[in-house]
Amino acid sequence: LVVQFLGEAVLMTFLSLTVALALVSMLLPAFNQLTGKQISLDPTPEWIGTLLVLCVATGVISGSYPAFYLSGLQPVSMFQGRVKNAFSELLARKGLVVFQFAISLFLIVAVVVVHRQLHFIQSKNLGYDKSNVLYLEKEGAAQQNPEAFLAALRKIPGVLNASAIQQSVVQNASGASPYGVDWPGKTEKDLINFNIRAVDYDLIETLDIPFREGRSFSRAFGAEERNIIFNETAIRAMGLNDPVGKSVRLWGEEKTIIGVVRDFHLASLHEPIAPMVFTYRPQNTALIMAKIQAGQEQATIGRLKQFYQRYNPGCVFDFRFLDEDYQALYVSENRVSTLSRYFAGLAILISCLGLFGLATFTAGQRSKEIGIRKVLGASVAGITRMLAADFLRLVVLAIVIASPLAWWAMRHWLGEFAYHIDLQPWMFAGAAAAAIGIALLTVGVQSARAALVNPVEVLRKE
């Protein structure tokens, strides 16, 4: 009997392995595209040996319960109905159902939280307008005579504004050590890393960054090389009151603060807003940025390409959109969101199969009880509720176990963002309601089938 049970379990595992390899072969290209990996199904002797060992081990472990427990039962006790299996029922059947639904609930909460955080990221006001802003590297004639290039660029139909910047704003790279900026009242303990961007005229206007006070760099004021603009975080970090008009030193050069822009996000929301410095140094800029009119993107890009090839012969018109760079900051989060949906669906499916199997087994075990209840006048609805209530207790237990674990894990994940959503009770209540609904749908069908069986069919053998 032991050999028979173990052999059946190992055979079932080998059949499952065959199906799994076929599914992996079919789904691997889509998985690689989703995750950005290049995983290949390349069998080697070590790989095959590992699979076989895992397959045999899985079969032995899964078949050990019927092989060693059921085969050791006394036939007389089995025929007389004196077999007590409370522990095995609790651990091997109900315990697995609770575990499966706990995993499902955990993943449902994860899907909701990740989706809400990504929506928060996409909809949050970053403090500047990244839509329809494209940029390209300075080269050729654009590098040799940038002012003329930008002036001609602004005249192209569909181009709303254009300027130049040292590096993309979607990049939180420190441009000065804590010792690069000096201001009135600075002490040795004031160690602030500033993000510095050398810009040309109209850069702040091109990105539509609002001012808290002061003004932007402007041709109307002549030379602006000795002027500087900070963001609000930098002003707070330096502790300056009424900063406009005050003098600071950048790398030893005297600068006058002419404006303070509102805080805007550099890099991703994983990091807090950093102190920011704009300095007018067009000779240090490396990127041309252009704001184009919404709804005319393709036509405007076509005109830009023709203009660029005419103005910069021999150079390739290679551009990127600013919002594409912003989306690239959250590639891993988008992958987590997509993968969590797939895994949640798979976990729910496995949980439903486990619960359906337990419902079928329980209905068979209690078939005589159901028949007697029907003879005594119990309704189909009453019996269905009675059977479903037993399984709902398992789901509620899974909810109690999974909810604090999901709260802890999602709180830890959200903690990686400097700006994130708050965990709300409805997220867990919604996941619990979904789990209960799935359980009722799974169990209700089987319970109703058991309740509809003619009592004569199950009692006539007594």
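This tour moves through a predicted model, from packed helices to nonpolar cores, a buried lysine and two loop residues.

**Stop 1: α13 and α14**

Select residues 380-414, which form helix α13, together with residues 425-452, which form helix α14. Their axes come within 8 Å and cross at roughly 155 degrees. Angles over 145 degrees count as roughly antiparallel, and the crossing therefore makes α13 roughly antiparallel to α14. The crossing of these two helices, α13 and α14, is right-handed. Colouring the contact of α13 with α14 by residue class will show 21 nonpolar and 4 polar residues, with no charged ones.

**Stop 2: α12 against α13**

Keep α13 displayed and add helix α12, residues 367-375. The axes of α12 and α13 are 10 Å apart, and the packing angle is about 145 degrees. Here too the crossing is right-handed, as α12 passes α13. To display the contact, select E369, I370, R373 and K374 on α12, then V380, I383, M386 and L387 on α13. By class, the residues of the contact of α12 with α13 divide into 5 nonpolar, no polar and 3 charged.

**Stop 3: α6 and α9**

Next, select helix α6 at residues 146-154 and helix α9 at residues 297-311. The two axes come within 11 Å and cross at roughly 150 degrees; α6 and α9 are therefore roughly antiparallel to each other. The crossing of α6 with α9 is right-handed. On the α6 side, show A148, F149, A152 and L153; these meet L304, F307, Y308 and Y311 of α9. The contact of α6 with α9 has 8 nonpolar residues, no polar and no charged ones.

**Stop 4: the nonpolar cores**

In soluble globular proteins, nonpolar side chains tend to be buried together. Which residues touch the most other members of the largest nonpolar core? Of its 64 residues, they are Y128, L207, F278 and L322. Centre the view on L322 and, leaving aside neighbours within four places in sequence, display its contacts: Y128, K130, V133, Y135, S168, V169, V170, L207 and M289. A second, separate core has 20 residues, among them L134, L150, I292 and F321.

**Stop 5: K291**

Select strand β10, residues 287-292, and pick out K291 within it. Is K291 buried or exposed? K291 counts as buried, because its relative accessibility is 11%, and the cut-off for buried is under 20%. Not counting residues up to four places away in sequence, K291 touches D129, S131, N132, V133, G158, V159, L160, N161 and T206. A distance monitor between the C-alpha atoms of K291 and L6 should read 69 Å; the pair lies 285 residues apart along the chain.

**Stop 6: two positive phi values**

Most residues other than glycine have a negative phi. Go first to D242, in the loop between α8 (232-238) and β7 (247-250). The phi of D242 is near 50 degrees, a positive value in a residue other than glycine. D242 counts as exposed, because its relative accessibility is 64% and the cut-off for exposed is over 50%.

Then move to W251, in the loop between β7 and β8 (253-261). What is the phi of W251? For this non-glycine residue, W251, phi is positive, near 50 degrees. W251 is exposed, with a relative accessible area of 53%.

Technical notes
Residues are numbered from 1 along each chain as its sequence is written. This is a predicted model: local features need pLDDT of at least 70, side-chain atom pairs count only at pLDDT 80 or more; totals for chains, interfaces and linings use all residues. Side-chain values use heavy atoms; hydrogens and water are left out. Axes are lines fitted to C-alpha atoms, for helices over the stretch in contact, and angles run from 0 to 180 degrees between N-to-C directions. Helices (H or I, at least four residues) and strands (E, at least two) are DSSP runs, numbered from the N terminus. Angles under 35 degrees count as roughly parallel, over 145 as roughly antiparallel, 65 to 115 as roughly perpendicular and the rest as oblique. A crossing is left-handed if the near helix is turned anticlockwise from the far one by less than a right angle, and right-handed if clockwise. Ala, Val, Leu, Ile, Met, Phe, Trp, Tyr, Cys and Pro count as nonpolar, Asp, Glu, Lys and Arg as charged, and the others, Gly among them, as polar. A nonpolar core is a set of buried Ala, Val, Leu, Ile, Met, Phe, Trp, Tyr and Cys residues joined through side-chain atoms within 4.5 Å. Buried means under 20% relative accessible area, exposed over 50%, partly exposed in between (1.4 Å probe, protein chains only). Contact means heavy atoms within 4.5 Å.
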